[in-house]
Amino acid sequence: MNRVVVKTQDGDVKINKHIYGHFAEHLGRCIYGGIWVGHDSDIPNTRGIRNDVIAAFKHIKIPNLRWPGGCFADEYHWKDGIGPANERPKMVNTHWGGVVEDNSFGTHEFLDLCELIGCEPYICGNVGSGTVQEFSQWVEYCNFDGTSPMTDLRKKNGRTDPWNVRYWGVGNENWGCGGNMTAEYYADNYRRYATYARNYADTKLYKIACGYELDWNRVLMEKAVRFMDGLSVHYYTISGDWNYKGSAVEFTEKEWMSTIIKASAIDEWLRKHIAIMDEFDPSGRVGLIIDEWGMWHEVEPGTNPGFLYQQNTIRDALVAGIQLNAFNNLAQRVHMANIAQTVNVLQSIILTEGAKMILTPTYHVFDMYKVHHDAVKLPLYVESEKFGETPLISASASINDENKIHISLTNADPAKPRQVTVEMRGLSGASYSSVKGQIITSDKMQDHNTFSQPDKIAIKEFLGAAVSHNNLTMELPPHSVVTLELS
């Protein structure tokens with residue numbers, strides 16, 4: 001028996017659209033070739049940025065984009081990426097493949113990308129190898145409109161008006177690649193860096209501290225909670241282990257279920273972090289930021305192991321649906337999330353090959369779930385058949401300003417359809433007589449889109465739901481993600 005009960009009158013929390021954020025690191029072919037092709041490329045572009053990628057980003061209404069890393073952020077010195085491109089110094093990307101970074105894509109190019117998409121930038125600053133002054137001046141360069149050396153420098157480089165960047169990460173994974181710091185040392189550094197990241201004019205910064213495991217976060221919350229607006233954590237799902245993470249496209253049902261178990265565990269994991277946040281921030285002011293999440297497989301055979309290029313199957317779509325449902329259901333504390341990463345890296349929403357571009361199954365999940373952006377979360381509970389202790393069915397629901405209810409569901413069973421009933425409680429006379437749906441699924445659990453078959457997996461109409469007396473019945477196909485609209 002699979003039953004979802006939606007409490008339609010208890011919604012009082014908005015699902016922040018920033019939960020549907022994305023991440024673009026200077027890693028492999030994410031920036032170069034994926035997003036940025038340069039002004040002289042034959043690939044259609046706007047000021048060096050691929051037009052097809054811009055259009056794809058805009059279609060799913062990307063609300064924010066995190067940049068320049070990741071581990072790259074804590075070795076990136078932003079002044080290397082401004083000014084005439086031919087005068088920018090080159091550097092070695094020591095984290096990702098040892099390739100030369102020519103800095104042709106820097107602050108101006110990134111913020112131009114965000115303006116073209118219509119999203120908010122989220123800049124991750126350098127704490128690991130940078131200085132307080134460097135971080136402070138970056139904020140000033142982006143946001144100050146008065147008389148100052150950084151304003152003059154920005155104008156010299158062609159930008160008169162400030163960008164008013166609101167979201168700033170104070171370092172990345174400073175417990176590891178960002179400096180191998182202790183929690184106490186990072187907490188003191190966080191307070192110091194955050195102090196000199198100033199607000200200018202009407203732009204109040206949203207400062208995000210680098211979280212980690214429970215003990216680290218307890219120290220950080222205790223020592224620095226009043227200086228932060230957000231606390232970031234990272235959660236990667238792998239089918240194997242860190243020695244061998246498993247193939248992206250060749251896997252068994254056992255490996256499928258191992259992945260689903262790990263993906264579903266994010267809910268309890270987040271609740272443990274939230275409990276610590278509640279202890280030190282009972283008002284809920286500080287947002288939980290999952291600014292790296294997604295599937296991590298072995299790289300595709302024959303590709304640079306430092307580039308983290310992997311394919312994307314219907315399994316990745318299921319993981320995205322399950323975890324976005326978890327973020328929606330914890331929207332009272334989850335302010336933002338950023339899937340890793342946008343193009344050609346890890347659980348990409350887009351893959352490119354020269355001038356060609358394809359959309360992955362994960363892209364289609366974001367497309368289907370955009371109905372939840374800034375809608376009011378409807379609390380629900382799920383009674384599901386299980387694999388061991390892991391539910392096969394996950395769900396989240398919301399209601400928008402037009403009084404339309406959207407319910408997203410996943411069936412993680414790799415082989416069998418599952419019957420599901422959805423009970424709508426507390427409608428107080430409201431009547432929903434119409435239901436329409438969309439679905440992402442495929443014949444085989446290993447199916448994926450390729451450059452020769454770019455539309456093997458795409459959103460299709462779902463006709464399997466029936467509504468009667470405000471309740472729904474349906475059969476969810478195996479390995480499927482569905483979103484229903486009631487009106």
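Where is the place of asparagine 103? In this predicted model, asparagine 103 sits in the loop between strand E8 (100-101) and helix H2 (107-117). Its relative accessibility is 0%, and asparagine 103 thus counts as buried. Leaving aside residues up to four places away in sequence, asparagine 103 touches Tyr32, Tyr76, Asp80, Gly81, Arg88, Pro89 and Met91.

The protein chain as a whole was examined next. Its secondary structure comprises 10 helices and 28 strands. The radius of gyration is 22 Å, close to the 23 Å given by the globule rule for 487 residues, so the chain is as compact as a globular protein of that length. The C-alpha trace spans about 65 × 50 × 45 Å along its principal axes. Buried residues make up 59% of the 487 in the protein chain. Among contacts with a separation of 6 or more, 74% are between residues 24 or more positions apart.

Surface and charge were computed for the same chain. The accessible surface is about 19,000 Å². Carbon and sulfur atoms account for 48% of that surface. The protein chain carries 46 positive and 59 negative charges. The mean positions of these two sets lie 3 Å apart.

The cysteines form a further topic. The structure holds one disulfide. Cysteine 71 is joined to cysteine 177, with an S to S distance of 2.3 Å. The link is left-handed, at -90 degrees about the S-S bond. Cysteine 71 lies in the loop between strand E6 (64-67) and strand E7 (91-92), and cysteine 177 in the loop between strand E10 (167-170) and helix H5 (183-196), so the bond ties together parts that are 106 residues apart in sequence. The two partners were also assessed for exposure. Cysteine 71 is buried, at 12% relative accessible area. Cysteine 177 is partly exposed, at 26% relative accessibility.

Cysteine 30 is in no disulfide. The nearest cysteine sulfur to cysteine 30 belongs to cysteine 114 and is 12 Å away. Cysteine 30 is buried, with a relative accessibility of 0%. For cysteine 119, the closest cysteine sulfur is also that of cysteine 114. Why is there no bond between cysteine 119 and cysteine 114? The two sulfur atoms are 3.8 Å apart, which is too far for a bond, because a disulfide requires cysteine sulfur atoms within 2.5 Å. Cysteine 119 is buried, with a relative accessible area of 9%.

Helix H6 (residues 214-224) was then inspected. Which of its residues are buried? They are Trp216, Asn217, Val219, Leu220, Met221 and Ala224. These buried residues pack against H5, strand E11 (206-210), strand E12 (230-237) and helix H8 (266-280). H5, at residues 183-196, also borders the loop that holds cysteine 177.

A final site lies in strand E28 (residues 480-486), which contains glutamate 485. Is glutamate 485 buried or exposed? Glutamate 485 is buried, with a relative accessible area of 13%. Not counting residues up to four places away in sequence, glutamate 485 touches Lys404, Ile405, His406, Ser434, Val435 and Lys436. Glutamate 485 and valine 371 are 114 residues apart in sequence. In space, their C-alpha atoms are 9.2 Å apart.

Key. Residues numbered from 1 in each chain as written. Predicted model: local features only at pLDDT ≥ 70, side-chain atom pairs only at ≥ 80, totals over all residues. Heavy atoms only, no water. Helix = DSSP H or I, 4+ residues; strand = E, 2+ residues; numbered from the N terminus. Rg over C-alpha atoms; globule rule 2.2 N^0.38 Å. Buried < 20%, exposed > 50% of the residue type's maximum accessible area, 1.4 Å probe, protein only. Contact = heavy atoms within 4.5 Å. Areas by Shrake-Rupley, 256 points an atom, 1.4 Å probe, with all protein chains shown as cover. Lys, Arg positive; Asp, Glu negative; His and termini not counted. Charge placed at Lys NZ, Arg CZ, Asp CG, Glu CD.
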